[in-house]
Amino acid sequence: MSLIKLGGGALRALGYIAVAVVGAASSALAQQGPPEALTFTRAGPAPIIQSIAIQGNQRIEATTVGSYLPIQTGMPADQDLLDLTLKTLFNTGLFSDVSLEMQPSGELVIDVTENPIVNRVILEGNKRLKEDKITEEIQLAARTIYTRAKIQADVRRIIELYRAKGRFAATVTPKVTPLEQNRIDVIYEIDEGPKTGIAKVNFVGNTVYTDNELRGEILTKESHWWRFFGSNSNYDPDRLEYERELLRQFYGRNGYADFAVISSTAELTPDRKDFFITFTVEEGPKYEVGEVRVRTTLAKLDNNVLENFISVKSGQTFNSERIEGAVEAITFATGATGYAFVDVNPRLTRHPDAKTIDITFEVNEGPRVYVERINIKGNTRTLDKVIRREVRIAEGDPFNRVLVDRSRSRVRGLGYFKEVAIEERPGSAPDRTELDLIVEEQSTGSLSIGVGVSSSENFIIDLSVEERNLLGRGQFLRFRVQASSRTRQVDVRFTQPYFLGRNLAAGFSLFNQRTNFRETFSGESTFIRNRIGGGVNVGFQVSEYGRGGLNYTLTHDNVTIDQIGSQIIGLTADPLSILIPGAAPIGIPLFRDANGGFVPAGSSAALTQVVQANTCDFINQTSIGICASRGQFVTSLIGATLSFDTRDDPIKPRKGWRTALSVGFAGLGGDVNYYKAEATGAIYHPIIGDFIGALKGRAGYISGYGGDEIRLSDRFFEGASTFRGFDVAGLGPRVLVGVDGPNGVLVPVNDPRNGNFQARAIGGKVYAIGSAEILLPLPLPDEYGIRAVLFSDFGTVGLVDDAAKLLNNDPANFLDFDGDGIAETAPVQDGLALRVTAGVSVSWDSPFGPIRFDFAKILRQELYDQVEEFRFSAGTSF
């Protein structure tokens with residue numbers, strides 16, 4: 001029997017039937033696909049297939065190969081059926097070569113050569129892209145079946161990844177290393193090449209704005225050495241279309257309603273290192289706003305009511321953003337009155353001769369649309385349920401723009417995401433829509449290091465490890481350690497925002513704190529508090545914008561006073577008689593003569609002796625001033641909170657307000673009885689352009705009951721971050737005493753030998769502090785993350801109980817502040833004098849973490865206040 005190799009068309013013309021079909025691939029790595037030529041022999045009718053034999057298979061069972069076959073025993077072996085069989089086996093991707101041969105006995109022999117199995121994928125030369133970023137994008141992986149199509153697709157994908165990073169000169173060379181048992185290693189040799197930058201951004205056709213002005217409006221920046229932190233100084237073709245939109249928005253904001261970008265091109269330099277970007281634009285005329293009208297068919301609202309929500313006025317320069325804002329304002333207003341389906345369409349009528357545009361807002365009830373599905377996208381770490389529980393609209397609900405925007409604000413307010421967007425797309429029917437809630441994850445863990453420079457000590461270091469989205473479940477965990485010459489603190493806090501699956505936050509805290517309130521000009525410490533305790537809290541929703549909470553805290557305070565005092569007694573008196581039991585004098589006995597001078601022990605001129613001891617060890621001091629706070633106390637405190645927040649963006653608000661009120665009651669057990677209340681509030685509003693104004697305020701009051709005075713550890717201490725320009729506890733009530741007498745003995749303040757005084761902070765029962773701020777729009781790209789705020793802090797801290805002012809009852813303790821020889825200043829100062837500071841705060845979201853600088857100028861203070869005109873803090877995130 002003679003064999004003839006012909007193409008399929010010629011075969012039919014000559015009347016041949018298929019006898020053998022041989023694949024064109026000659027090796028496992030050759031180009032795959034069914035052969036173009038078939039081998040046939042001339043005969044009569046197509047023979048009937050009596051049996052099918054499969055050979056050449058190693059890993060794949062014969063029954064598995066047979067399951068792919070469209071041909072079965074008993075069928076005629078005609079050309080079309082055999083051709084379909086060959087193509088089907090190749091399309092499985094399991095075989096690199098396939099041949100079909102019909103035997104005289106009627107047996108169809110199918111001979112296959114299996115594609116090899118990938119043993120491992122090796123990446124070589126990748127330094128700028130991590131291995132996991134590449135492997136998750138390519139098709140080939142360990143234990144997958146190798147095909148030439150997959151390896152070619154992988155090469156293209158890796159090159160695309162490098163181009164997205166600005167490396168257009170990157171090349172990828174694939175290699176295959178054969179192994180035993182039909183296995184292979186796939187190696188991708190990567191030459192990353194240099195980063196492709198932007199040599200120049202050019203504009204053609206612009207006459208109103210210069211090239212430099214337009215470059216400032218787009219994201220793409222020319223490559224310079226100082227932009228090594230940014231990612232916009234490399235060419236990204238996907239960004240180019242967005243740049244066109246940014247230019248349209250810029251011209252649209254400034255009156256050029258006919259502006260158009262004719263073309264945007266990118267040309268690669270011959271050395272493949274940089275691109276030249278060229279935008280060709282047509283600016284058109286500048287328009288002003290003509291007549292502004294509203295037309296509506298809504299029964300509950302008339303034109304005049306809706307016009308009050310429009311900020312676009314006749315005579316203004318045309319601004320497309322204001323028109324969009326007016327559409328949103330009308331949509332919100334109609335939604336608030338019960339119209340869930342509203343169509344707001346601004347009609348623009350141009351008058352080229354007058355260069356004006358009339359605007360008519362047509363407000364009509366739109367078609368009813370329902371939310372068919374809500375898709376959560378981009379959350380690689382945060383669980384879906386954490387996001388969905390913040391969404392104010394559910395699947396099946398009528399579509400409502402107000403609720404959609406509120407949902408975005410709530411999800412963004414979680415603080416877990418860098419960007420949050422909600423996009424609409426058509427559903428399965430005209431009255432159905434799907435919402436895609438797209439998020440971009442950001443670091444929610446932080447390692448913060450705070451460093452402060454003050455007038456009373458060198459540095460304060462605050463180390464805090466915090467995770468706001470633990471395991472993607474929205475849980476909050478913080479471990480804080482603070483160490484400085486003032487404070488040593490360990491603080492652990494945990495909060496579950498949705499306890500037992502309900503909208504009920506629950507948490508606990510444990511803390512151990514040692515605070516040294518060193519508020520003196522001479523550097524002597526006065527008051528040390530060791531506090532250990534814990535607490536539990538719950539929070540719940542009271543309205544869409546409000547939350548309430550309850551909390552309980554149990555603390556144990558051990559307060560010690562580290563201050564040396566002295567008292568004069570008779571020459572023969574017992575020093576222990578004026579001290580509390582267990583106390584002892586400090587140092588050697590001192591003796592004075594009739595003139596107040598010191599004389600040696602045993603001198604006949606000695607008339608009195610001076611006893612030195614801890615100030616609070618003297619019997620007549622134990623119940624007055626700060627000494628009344630010494631000892632160990634247990635505080636059992638129950639409290640409640642109520643807060644409201646209507647800000648448009650909880651991270652970077654432009655408008656809205658927030659307020660909070662907290663009250664506490666101590667006395668359900670323990671040793672301390674008091675009640676206190678604190679309130680905070682802030683309001684935000686745009687001033688002009690991107691200038692955002694903010695007014696903030698805080699106030700608090702605490703008072704004892706049942707005969708209890710407010711102890712030093714429970715009073716309010718303000719300063720540093722709570723009142724910029726002042727040190728920690730740098731303002732408020734003080735105890736002023738004289739120092740620097742002979743041999744270190746404390747002497748009365750009005751003693752002529754006194755050359756200095758101490759001002760010790762004792763805290764206040766009342767505080768009221770306000771801040772006025774203006775966020776400055778800096779002429780820097782947003783990618784730098786630099787913001788500046790002008791601020792003025794103003795307020796007061798004051799008032800203590802009468803027992804803390806008993807020193808004022810003795811004129812011998814008064815001070816001569818003005819140097820006129822008359823001591824008229826009381827030693828305990830607790831007045832509500834106004835303090836005012838002003839300055840600038842600069843923050844930078846650096847690649848290393850947030851950095852902040854506070855520069856403050858004291859405009860009004862008291863002489864005994866502690867100032868801190870510069871403060872620096874830094875941290876990092878993970």
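**Exercise 1. Is Glu-291 buried, partly exposed or exposed, and what is its relative accessible area?**

Before we start: this is a predicted model, where local features need pLDDT of at least 70, side-chain atom pairs count only at pLDDT 80 or more, and totals for chains, interfaces and linings use all residues. Residues are numbered from 1 along each chain as its sequence is written, and side-chain values use heavy atoms, with hydrogens and water left out.

*Solution.*
- Step 1: get the cut-offs straight: buried is under 20% relative accessible area, exposed is over 50%, and partly exposed is in between (1.4 Å probe, protein chains only).
- Step 2: Glu-291 has a relative accessible area of 47%, so it is partly exposed.
- Step 3: look at its partner. Glu-291 makes a salt bridge with Arg-293, and their closest N and O atoms are 2.2 Å apart. The term means a side-chain nitrogen of Lys or Arg within 4 Å of a carboxyl oxygen of Asp or Glu.
- Step 4: Arg-293 comes in at 29% relative accessibility, so it is partly exposed.

**Exercise 2. Work out the strand order of the open sheet of 3 strands.**

*Solution.*
- Step 1: strands here are DSSP runs (E, at least two residues), numbered from the N terminus, and two of them pair if DSSP finds at least two bridges between them.
- Step 2: the order reads S13-S15-S14, with mixed pairing.
- Step 3: S13 (288–296) and S14 (342–351) are the edge strands, each pairing on one side only.
- Step 4: S13 and S15 (residues 356–365) run parallel, joined by 7 bridges. Arg-293 has Thr-360 of S15 as its bridge partner.

**Exercise 3. Find the salt bridge between Arg-347 and Glu-362, and place both residues.**

*Solution.*
- Step 1: the closest N and O atoms of Arg-347 and Glu-362 are 3.4 Å apart.
- Step 2: Arg-347 sits in strand S14 and Glu-362 in strand S15, 15 residues apart, so the pair links distant parts of the chain.
- Step 3: Arg-347 is partly exposed at 44% relative accessibility, and Glu-362 is partly exposed at 24%.

**Exercise 4. Compare that with Asp-708 and Arg-711: are they buried or exposed?**

*Solution.*
- Step 1: Asp-708 and Arg-711 form a salt bridge, with closest N and O atoms 3.9 Å apart.
- Step 2: both Asp-708 and Arg-711 are buried.
- Step 3: for the wider tally, the structure counts 36 salt bridges.

Terms used
Helices (H or I, at least four residues) and strands (E, at least two) are DSSP runs, numbered from the N terminus.
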